[in-house]
Amino acid sequence: MKSWYSHIVVLLAALIAFVPVLGVDYLLDNYVRVREQAALQSGVEHITEKIQATANAGIEGLRQIVNDSPSLCTPTFVGNILKQMESNLYLRQVLVENADGAQFCDAFGRDVKYVRLSDDLGMPGRSETIAVVRLAGLAVPALKITQNYSSTRRVSAFVPVLPYAPEGIAGDLVTGSMAQISLTNGTLVSTAGDPTAFERRTNDADFISAQAFAGELPVRIDAAVPFALVRATYSDLDISFTVIAAAMSGAFLLLMLQYVRRSQLPAFDLERAIQAGEIKPYYQPIVNLSTGKIAGCEVLCRWEKRSGQIVPPGSFIDYAEVTGLAVPMTLSLMQQVRADMSDLAREIPDLKISINLFEGHFRDSTIVEDVQAIFGDSPIGFRQLCFEITERRPIGNSAAANSVIAGLHALGCKLAMDDVGTGHSNLAYMQTLGVDVIKIDRVFVDMVDAETTTVPVLDGLIAMARDLGTEVVAEGVETQEQAIYLRNHGVLMAQGFLFAPALRVAQFRELARGLNVPSKGKAQADGKLRTAAA
């Protein structure tokens with residue numbers, strides 16, 4: 001089945017046959033962008049793996065020292081530290097101090113000099129906290145990994161953010177790249193290349209960009225390289241292609257048609273991936289800003305290939321929509337959600353599970369029948385389900401769409417409008433559809449910073465939701481200031497990297513049980529999302 005993308009490429013191919021030189025430029029630009037973006041993304045992910053390696057080494061070393069030591073600041077304790085430092089390539093120092101920073105002992109019996117660069121941040125599924133510091137004698141910033149030993153003692157391990165100097169980052173990236181390492185709350189950790197280049201970017205099309213997060217750590221890497229810089233390295237190829245295209249426009253058209261046929265392969269591969277169960281649900285927590293508890297989750301998807309590669313949804317969701325594969329993909333995800341979340345839904349009756357629907361689901365009532373068949377006899381009640389309408393494509397006000405919405409409401413499910421304010425939604429549209437929940441897009445949440453007192457667009461969306469009588473969920477919350485602003489303006493539900501990224505089911509279940517089950521694990525729960533409840 002040909003997509004709109006394929007039709008456009010065919011039309012461009014016909015035009016390029018008459019304008020071969022322009023066609024070469026267009027194709028080569030796209031080839032360079034795809035190839036170099038993949039290389040840049042690979043480099044960024046390699047850096048995050050190194051950051052995870054140093055942090056995990058610090059966490060494991062700290063745990064081993066504490067487990068092997070019956071008490072702190074004894075010869076046995078210091079000996080355990082030195083033993084770990086001999087076998088651990090990354091461990092640089094271990095320090096015992098109180099909550100006010102008064103130092104009691106360390107690995108070498110001297111005053112440990114460090115400057116704190118960030119607050120302590122929690123890590124999903126871990127009892128330790130993490131902060132960025134500048135440690136005397138270390139050329140790169142360090143991660144200070146802290147574990148509470150008692151009410152008056154804290155044990156911290158210091159490891160470098162990276163196992164090499166910041167300028168060494170360039171070795172993992174495309175030549176000419178600029179990169180910055182920061183915490184998810186926006187605190188800058190380190191830079192490579194021109195640190196002002198990110199501020200000077202005015203047009204994303206002029207750059208190739210990549211971003212990656214260091215697993216469960218609150219650390220992310222952003223990298224970019226000027227497109228013109230990498231494009232210049234393909235000048236020989238550009239000249240050769242231009243000469244061939246000018247002389248053989250007919251042959252070039254044939255090659256373009258072959259390219260169109262090859263472009264269908266990803267759709268077939270995606271279809272195989274759906275049948276093989278490679279499209280997996282990930283669960284991003286939705287947190288109650290008033291209580292700090294998990295109110296629910298949004299079901300997101302990742303393509304976990306047999307090679308171990310994890311493909312983000314942005315790489316295949318659009319293709320799934322235009323090829324019609326979004327419908328069977330959603331069916332597979334719902335079946336996996338039932339298997340993953342049934343026990344948790346029984347334990348936490350108020351837990352809400354949000355699942356994305358696409359324009360193709362609103363063409364007939366099949367989706368209603370699928371929901372009833374999958375969840376009808378499961379511990380997940382229909383009232384616990386919320387279906388989000390994506391705004392990538394308008395669903396219109398057809399009889400079929402209204403029938404689907406009415407059918408989902410009749411079951412007891414809720415309907416949410418995703419990314420409100422950025423796509424095809426408007427007040428009349430949402431009133432007609434009967435939306436129960438409005439999800440405010442992160443682009444408006446990003447307008448809030450430490451100095452913000454009012455954000456007219458965001459405040460207007462909140463007021464609109466209040467007038468409609470709908471619930472509100474804020475997306476993309478990354479800082480404590482944003483969470484406080486939203487809560488003060490009546491928005492109690494939020495999701496974003498301030499709390500947790502999209503998690504595998506085991507991690508989400510552990511987090512939800514720790515935060516929501518009374519008494520058991522409450523001390524750990526208070527530490528995990530203390531920021532959300534602040």
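## Exercises on a predicted model

Helix H10 (326–347), strand S15 (352–357), strand S16 (385–389) and helix H12 (399–411) are among the elements that cover the buried residues of helix H11. Keep in mind that this model is predicted. Let's work through three exercises.

**Exercise 1.** Find which residues of helix H11 (residues 366–375) are buried, and work out how they are placed around the axis.

*Solution.*
- Start with the buried set: Ile367, Val368, Val371, Ile374 and Phe375.
- Next, look at the directions around the axis: these residues cover an arc of only 140°, so they lie on the same side of H11.
- A general rule helps here: an α-helix has 3.6 residues a turn, so residues three or four places apart point the same way.
- Now turn to the other side of H11, where Glu369 and Ala373 are exposed.

**Exercise 2.** Identify the residues that form the nonpolar patch on the surface, and the helix that gives the most to this patch.

*Solution.*
- The patch is formed by Tyr31, Leu237, Phe241 and Ile244, which together have about 370 Å² of accessible area.
- Helix H6 (residues 235–247) gives the most, with three residues.
- Take Leu237, which lies in H6: its relative accessible area is 31%, so Leu237 counts as partly exposed.

**Exercise 3.** Decide whether Gln41 is buried or exposed, and list what Gln41 touches.

*Solution.*
- First locate the residue: Gln41 sits in helix H2 (residues 20–68).
- Buried means under 20% relative accessible area.
- Gln41 has 17% relative accessibility, and therefore counts as buried.
- Leaving aside residues up to four places away in sequence, Gln41 touches Ala210, Gln211 and Ala212.

Conventions:
Residues are numbered from 1 along each chain as its sequence is written. This is a predicted model: local features need pLDDT of at least 70, side-chain atom pairs count only at pLDDT 80 or more; totals for chains, interfaces and linings use all residues. Side-chain values use heavy atoms; hydrogens and water are left out. Buried means under 20% relative accessible area, exposed over 50%, partly exposed in between (1.4 Å probe, protein chains only). Helices (H or I, at least four residues) and strands (E, at least two) are DSSP runs, numbered from the N terminus. The arc is that of the directions from the helix axis to the C-beta atoms. Contact means heavy atoms within 4.5 Å. Patches are made of residues with over 30% relative accessible area and no salt bridge: like charges are joined within 9 Å, nonpolar side chains (Val, Leu, Ile, Met, Phe, Trp, Tyr) within 5 Å. Accessible areas come from the Shrake-Rupley method with a 1.4 Å probe; for residues, only the protein chains shown count as cover. A salt bridge is a side-chain nitrogen of Lys or Arg within 4 Å of a carboxyl oxygen of Asp or Glu.
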